[in-house]
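Work through the exercises below with the sequence and the model side by side. Try each task before reading its solution.

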Amino acid sequence: MSVSLTRSDGVTVLTLTSDPSSTCPPLCQLLGSLCYTPALCSPSRLLTLPRRGSQAVLGSLWIMSGLMHASLGAILLATYGAASYQLMDTYFPVWLGVIFVGVGVNSIQTEKYPRPCVLLLSVILNLFGAAMSITAIVWYSTQFTSSRFYSMCNDDYYYWRPTPSPSPENVALKERCLEVRGIARALVYGVSGVLLSLSVLGLCVGVSSAVLSCKALRPARDKAGSKALLEKPRYCNK
């Protein structure tokens with residue numbers, strides 16, 4: 001759809017020409033024509049990525065981190081008493097992994113289609129992913145402060161009650177229970193440590209990818225400004 005504006009004596013005429021071959025309604029075509037800017041969405045020779053292949057590598061790291069977040073987070077959520085209340089109530093690791101995968105796909109698309117609009121979207125998404133990584137670092141840190149599997153050995157809840165002397169069999173079972181609880185707690189701490197490390201990796205990857213996208217946008221803007229300054233005297237002489 002094309003939009004043209006004509007002004008005459010006190011009258012302004014807005015002409016909208018729809019595309020008959022398009023399946024979108026006229027309102028969607030109008031919004032698309034208003035939002036689409038050729039200078040922002042078209043390929044530009046002035047736009048070059050500072051390090052070819054870096055965005056694809058960073059996008060792959062995003063996707064790997066997202067898949068590991070979703071899988072390890074699902075293990076924590078499926079194990080009773082393994083995840084903290086914040087993680088259990090919000091399913092944070094699962095949808096955080098989905099976000100990381102989406103950011104990684106966008107980074108790979110940025111490497112494949114280096115356009116100003118794609119780079120701008122990459123900067124926004126990578127900064128958002130870095131912010132979510134900081135949130136994940138804070139939330140995963142609670143996994144090491146709160147007690148895990150406290151109700152696994154039920155006698156811990158009734159230590160204040162006077163109980164008769166336990167039999168040797170019960171003492172052996174209690175010691176075995178405490179050993180298993182220690183192993184389970186160590187496994188949970190290990191998984192939480194991996195998730196915490198992946199969150200730190202996501203923070204570094206997000207900041208690096210956003211910086212690379214900004215570096216690619218800045219030279220294009222500087223080159224365009226220099227080209228306009230060089231062409232201005234020629235137009236003035238005419």
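**Exercise 1: two buried serines**

Leaving out residues up to four places away in sequence, Ser122 touches Gln55, Asn106, Thr110, Ser209 and Ser213, where contact means heavy atoms within 4.5 Å. The model is a predicted one, in which local features need pLDDT of at least 70 and side-chain atom pairs count only at pLDDT 80 or more, while totals for chains, interfaces and linings use all residues. Residues are numbered from 1 along each chain as its sequence is written, and side-chain values use heavy atoms, with hydrogens and water left out.

Task: find where Ser122 and Ser209 are placed, and decide whether Ser122 is buried or exposed.

Solution. Begin with the elements: Ser122 is in helix α6, and Ser209 is found in helix α7, which covers residues 168-237. Helices here are DSSP runs of H or I with at least four residues, strands are runs of E with at least two, and both are numbered from the N terminus. Next take the accessibility: Ser122 is buried, with a relative accessible area of 0%, and Ser209 is likewise buried at 0%. Buried means under 20% relative accessible area, exposed means over 50%, and partly exposed lies in between, using a 1.4 Å probe and protein chains only. Finally list the partners of Ser209, again without residues up to four places away: they are Gln55, Leu58, Ser107, Ser122 and Asn126.

**Exercise 2: how three helices pass one another**

Task: describe how α5 is oriented relative to α3 and to α6, and then examine the pair α3 and α6.

Solution. First, the axes of α3 (residues 54-78) and α5 (residues 92-112) come within 7 Å and cross at roughly 165°. Axes are lines fitted to C-alpha atoms, for helices over the stretch in contact, and the angles run from 0 to 180 degrees between N-to-C directions. Angles under 35 degrees count as roughly parallel, over 145 as roughly antiparallel, 65 to 115 as roughly perpendicular, and the rest as oblique. The helices α3 and α5 are therefore roughly antiparallel. Their contact involves 14 nonpolar, 12 polar and 1 charged residues, with Ala, Val, Leu, Ile, Met, Phe, Trp, Tyr, Cys and Pro counted as nonpolar, Asp, Glu, Lys and Arg as charged, and the others, Gly among them, as polar.

Second, the axes of α5 and α6 (residues 116-145) come within 10 Å and cross at roughly 155°, which makes α5 roughly antiparallel to α6. The contact of α5 with α6 has 16 nonpolar, 9 polar and no charged residues.

Third, the axes of α3 and α6 come within 13 Å, with a crossing angle of roughly 35°. The contact is formed by Gln55, Trp62, His69 and Leu76 of α3 together with Ser122, Asn126, Gly129, Ala130, Ser133, Tyr140 and Gln143 of α6. By class, this contact of α3 with α6 divides into 4 nonpolar, 7 polar and no charged residues.

As a last step, consider handedness: the crossing is left-handed for α3 with α5, for α5 with α6 and for α3 with α6. A crossing is left-handed if the near helix is turned anticlockwise from the far one by less than a right angle, and right-handed if clockwise.

**Exercise 3: the stretch around α4**

Task: locate Ala82, Met88 and Tyr91, and state what is notable about the phi of Tyr91.

Solution. Ala82 lies in the loop between α3 and α4 and is buried, with a relative accessible area of 1%. The C-alpha atoms of Ala82 and Ser192 are 9.5 Å apart, although 110 residues separate the two in sequence. Met88 is in helix α4 and is partly exposed, with a relative accessible area of 34%. Apart from neighbours within four places in sequence, Met88 contacts Leu77 and Ala83; its C-alpha atom is 6.1 Å from that of Leu77, 11 residues away along the chain. Tyr91 is in the loop between α4 (85-90) and α5, and has a positive phi of about 50° although it is not a glycine. Most residues other than glycine have a negative phi.

**Exercise 4: the whole chain**

Task: how many helices and strands does the chain have, and in what pattern?

Solution. The chain has 7 helices and 2 strands, which follow the pattern β-β-α-α-α-α-α-α-α along the sequence. Of its 238 residues, 27% are buried.
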